[in-house]
Amino acid sequence: MVSSCLASEGKTTTISNLASVMAELNKKILLIDLDLRKPAVHKQFNLSNRMGLTDLLLNKDDFKVYLHHIYPGLDVITSGKIPANPTEVINSNAIKDLIKKLSDYYDYIFFDTPPLVLVSDPLTIATFSDAVILTIAHSEAEREVVRKSIDSLKQVNANIIGAIFNKIPVSKHNKYYYSYY
Ligand SMILES: Nc1ncnc2c1ncn2[C@@H]1O[C@H](COP(=O)(O)OP(=O)(O)OP(=O)(O)O)[C@@H](O)[C@H]1O
Ligand SMILES: [Mg+2]
């Protein structure tokens, strides 16, 4: 899963890129939008979000009906209709059972999530994820906020495998400038 401390740090952009790159490495990838509050994966890939995860959980259909085949190796399940009770949906056994089933079909499943400081959903998602990546935006998340988010992830035994430092300003006047030579 990919999460971040604050809103708008670049989770959806990061996870969409990661999922695409992993698919290019000949892995079978499924990207699921588990941000049931402000879903945006469908926008990244220009997909309809008329039917998605929440409809799949409700209707108990064959999951294949809900897959968007982006290109060979990359499938997407959008969020579906925003539910009245996102926390309950994320905490349900139905979602865990579904993910267990889906993991038989894919090498990696990526979950986009809401921000950690706003809701408990990402902490719940961490309990059924093998690994957590944090997107941390330059000049947005303060050190203390990041520290607290990491602590709360550790409390649920999340396996934090790394962070992506995002939105780094690229200018020749600062230390992040890459010089090509
Ligand atoms: N590396 C980057 N450099 C500059 N802008 C970026 C970068 N990554 C993302 N953005 C921009 O930041 C904004 C937020 O990105 P995105 O929607 O991916 O974040 P998010 O963390 O998923 O947001 P939300 O909390 O609303 O789900 C978008 O306008 C996106 O284009
Ligand atoms: Mg997002």
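# Exercises on a predicted model

Strand E5 supplies the largest share of the lining of the largest pocket, with 4 residues. The exercises below concern a predicted model.

## Exercise 1. The largest pocket

Task: State how much space lies in the largest pocket, and characterise its lining by position and by class.

Solution.
- Step 1. The space in the largest pocket comes to about 480 Å³.
- Step 2. Its lining consists of 20 residues, and Met1, Tyr108, Ile109, Asp130 and Ala131 are the closest to the centre of the pocket.
- Step 3. Helix H1 (11-24), H5 and E5 are the elements that give two or more residues to this lining.
- Step 4. Sorted by class, the lining of the largest pocket holds 14 nonpolar, 2 polar and 4 charged residues.

## Exercise 2. The second largest pocket

Task: Determine which element gives the most to the lining of the second largest pocket, and describe that lining.

Solution.
- Step 1. The second largest pocket contains about 360 Å³ of space.
- Step 2. There are 18 lining residues, of which Ser8, Lys11, Thr12, Asp35 and Lys38 lie nearest the centre of this pocket.
- Step 3. Two or more residues of the lining come from each of H1 and helix H2 (41-44).
- Step 4. H1 gives the most, with 3 residues.
- Step 5. The classes in the lining of the second largest pocket are 7 nonpolar, 5 polar and 6 charged residues.

## Exercise 3. The nonpolar cores

Task: Identify the residues with the most contacts inside the largest nonpolar core, and the elements that give two or more residues to this core.

Solution.
- Step 1. The largest nonpolar core comprises 33 residues, and Ile32, Leu34, Leu53 and Phe111 have the most contacts inside it.
- Step 2. Two or more residues come from each of strand E2 (29-33), helix H3 (53-59), helix H4 (86-91), helix H5 (93-102), strand E5 (108-112), helix H6 (121-127), strand E6 (132-137) and helix H7 (143-155).
- Step 3. H5 provides the largest share of this core, 4 residues.
- Step 4. Another core lies apart from the largest one; it has 14 residues, among them Val2, Ala23, Val41 and Phe110.
- Step 5. The surroundings of Leu34 can be listed in detail: beyond four places in sequence, Leu34 touches Leu53, Ile90, Ile95, Phe111, Asp112, Thr113, Pro114, Ile125 and Phe128.

## Exercise 4. The aromatic pairs

Task: Count the aromatic pairs, classify their geometry, and explain which parts of the chain they tie together.

Solution.
- Step 1. The count comes to 2 aromatic pairs.
- Step 2. In one pair, Phe63 and Tyr105 are edge-to-face, at 5.0 Å centre to centre with 70° between the planes.
- Step 3. Phe63 belongs to the loop between H3 and strand E3 (68-71) and Tyr105 to the loop between H5 and E5, so this pair ties together parts 42 residues apart in sequence.
- Step 4. Phe63 is buried because its relative accessibility is 2%, whereas Tyr105, at 36%, is partly exposed.
- Step 5. For Phe111 and Phe128, the ring centres are 5.9 Å apart and the planes stand at 75°, so this pair is edge-to-face.
- Step 6. Phe111 lies in strand E5 and Phe128 in the loop between H6 and E6, so the parts tied together are 17 residues apart in sequence.
- Step 7. Phe111 is buried, with a relative accessible area of 4%, and Phe128 is buried, with 16%.

## Exercise 5. Two buried residues

Task: Locate Thr14 and Ala158, and list the contacts of Thr14 and of Ala158 beyond four places in sequence.

Solution.
- Step 1. Thr14 is found in helix H1 and has a relative accessible area of 9%, under the 20% limit, so this residue is buried.
- Step 2. Beyond its neighbours within four places, Thr14 is in contact with Thr135, Ile164 and Asn166.
- Step 3. Ala158 sits in the loop between H7 and strand E7 (160-166) and counts as buried at 14% relative accessibility.
- Step 4. With residues up to four places away left out, Ala158 touches Ala126, Val132 and Leu153.
- Step 5. Between the C-alpha atoms of Ala158 and Leu56, 102 residues apart along the chain, the separation is 26 Å.

## Exercise 6. Positive phi values

Task: For Asn26 and Lys167, give phi, and then place each residue in the chain and assign its exposure.

Solution.
- Step 1. Most residues other than glycine have a negative phi.
- Step 2. Asn26, which is not a glycine, has a positive phi of about 65°.
- Step 3. Asn26 is found in the loop between H1 and E2 and counts as exposed at 72% relative accessibility.
- Step 4. Lys167 also has a positive phi, near 55°.
- Step 5. Lys167 lies in the segment after E7 and is partly exposed, with a relative accessible area of 41%.

Definitions and conventions
Residues numbered from 1 in each chain as written. Chains lettered and ligands numbered in written order. Predicted model: local features only at pLDDT ≥ 70, side-chain atom pairs only at ≥ 80, totals over all residues. Heavy atoms only, no water. Core = buried A, V, L, I, M, F, W, Y, C linked by side-chain atoms within 4.5 Å. Buried < 20%, exposed > 50% of the residue type's maximum accessible area, 1.4 Å probe, protein only. Contact = heavy atoms within 4.5 Å. 1 Å grid on protein atoms, 1.4 Å probe; cavity = no way out; pocket = protein on both sides within 12 Å on 5 of 7 lines; lining within 4 Å. Points joined across faces, edges and corners; volume = space filled by probe spheres on them. Nonpolar A, V, L, I, M, F, W, Y, C, P; charged D, E, K, R; others polar. Phe/Tyr/Trp six-rings, centres within 6.5 Å; stacked < 30°, edge-to-face > 60°.
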